[in-house]
Amino acid sequence: MFSLYGIAVVLVVVFFLFLVMGMIYPHMPVTEEYEICSSHLSANRRFVLLTDLHGCLHGKKNSKLLHMIEKAQPDFICIAGDMTVKNGHHTDEMTELVQQLCQTYPVYYSPGNHEKKMPAADAYKEKLKEAGVHYLENERVFAEGNIVIYGLDLPEQWYHKFWQRREMKAEHLEQLLGVCRKDCFTLLLAHNPEYAEQYAAWGADLAVSGHVHGGIMRLPLLGGVIAPSLRLFPEFDAGLYSFREGGAMIVSRGLGLHHIKLRFFNRPEVSVINLSCQKTGI
């Protein structure tokens, strides 16, 4: 039989190892691949989705991150928000990263709640546009492969804590984005995944999101533990989701840290999304 002292030592050791893991995991990004098929596509395309870097660095000047992107050989890059933090720290590093990406790939960027709150938000946005970024604030742009990319810019009220959560309807998305194109493959950059069903009802063939950071900690069968809205075990935390009315959503676990500087069983994610023009629908 273990003594109380022995049990206490074991618990302390387990807690210490758990804490070390939480500190190490944020520096171990992985690539996650997804497959989407649609009859709306006219050609196969591959893109990389980046979200929630929050001013963090993976390697000197994000060299590790850039290498992972280069290895994926994408046709274009999509950024679904929160590459920065609301206090503006490390914004120059984020600007430099996106500028480097623009030298090789078309880059489509839709803001998250942190870009909107930065004191120098307009200056950051203008630097990205000067570099060639398609910065989409409730706007759309056409890309190769019969793809139309929409960038959703939600007002701050849609990021409140779960007890303040407002009911969103597809009609509200039409007010922000217009009527969804039905003759193209519609790719929606939408930072907050809580409104996934509304994105599908609006008509998105594929919505890509982040914001939840994979739930900080991931547990077998239960998934992510907590969302930024403080909702426990959020419904849309990470991975691929399909909807009855058609369409799909991919939620990235994100690349950085914010309030909680730990990740448990939840490595940062570079999402590589393969779009296939097979006539099988989504």
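Let's start with a pair of neighbours: strand 6 and strand 7 (residues 147-152) run antiparallel and are joined by 5 bridges. Keep in mind that this is a predicted model. From that pair we can work outwards to the sheet around them, then move on to another sheet and a pair of packed helices.

**The sheet with strands 6 and 7**

- Zooming in on the pair, you'll find V141 standing opposite I149 of strand 7.
- Zooming out, the sheet is an open one built from 6 strands, and its pairing is mixed.
- Reading across it, the strand order goes 6-7-8-9-13-12.
- Strand 6 (139-143) and strand 12 (239-242) sit at the edges with a single partner strand each, so one side of each has no neighbour in the sheet.
- Going from one strand to the next, the twist averages 20°.
- A helix joins the picture here: helix 6 (residues 170-177) lies across strand 6, strand 7 and strand 8 (185-190).
- Compared with the direction of strand 7, helix 6 runs at about 100°.

**The sheet with strands 1 to 5 and 14**

- Here 6 strands make an open sheet, again with mixed pairing.
- The order is 1-14-2-3-4-5, so look for strand 14 between strand 1 and strand 2.
- At the edges you'll meet strand 1 (30-37) and strand 5 (134-135); each has a single partner strand, so one of its sides is left without a neighbour in the sheet.
- Strand 2 (residues 45-50) and strand 3 (residues 76-79) run parallel, with 4 bridges joining them.
- One spot to find on screen is F47, whose bridge partner in strand 3 is F76.
- Helix 3 packs on this sheet and touches strand 2, strand 3 and strand 4 (107-109).
- The direction of helix 3 makes about 140° with that of strand 4.

**Helix 3 meets helix 5**

- Two packed helices are described by the angle between their axes and the distance between the axes.
- For helix 3 (residues 91-102) and helix 5 (residues 121-131), the angle is about 20° and the axes are 9 Å apart.
- That angle makes helix 3 roughly parallel to helix 5, since angles under 35 degrees count that way.
- The crossing of helix 3 past helix 5 is right-handed.
- On the helix 3 side, the contact is made by T91, D92, M94, T95, V98, Q99 and C102.
- Helix 5 brings Y124, K127, L128 and A131 to the contact.
- Sorted by type, the residues of this contact are 6 nonpolar, 3 polar and 2 charged.

Technical notes
Residues are numbered from 1 along each chain as its sequence is written. This is a predicted model: local features need pLDDT of at least 70, side-chain atom pairs count only at pLDDT 80 or more; totals for chains, interfaces and linings use all residues. Side-chain values use heavy atoms; hydrogens and water are left out. Axes are lines fitted to C-alpha atoms, for helices over the stretch in contact, and angles run from 0 to 180 degrees between N-to-C directions. Helices (H or I, at least four residues) and strands (E, at least two) are DSSP runs, numbered from the N terminus. Angles under 35 degrees count as roughly parallel, over 145 as roughly antiparallel, 65 to 115 as roughly perpendicular and the rest as oblique. A crossing is left-handed if the near helix is turned anticlockwise from the far one by less than a right angle, and right-handed if clockwise. Contact means heavy atoms within 4.5 Å. Ala, Val, Leu, Ile, Met, Phe, Trp, Tyr, Cys and Pro count as nonpolar, Asp, Glu, Lys and Arg as charged, and the others, Gly among them, as polar. Two strands pair if DSSP finds at least two bridges between them.
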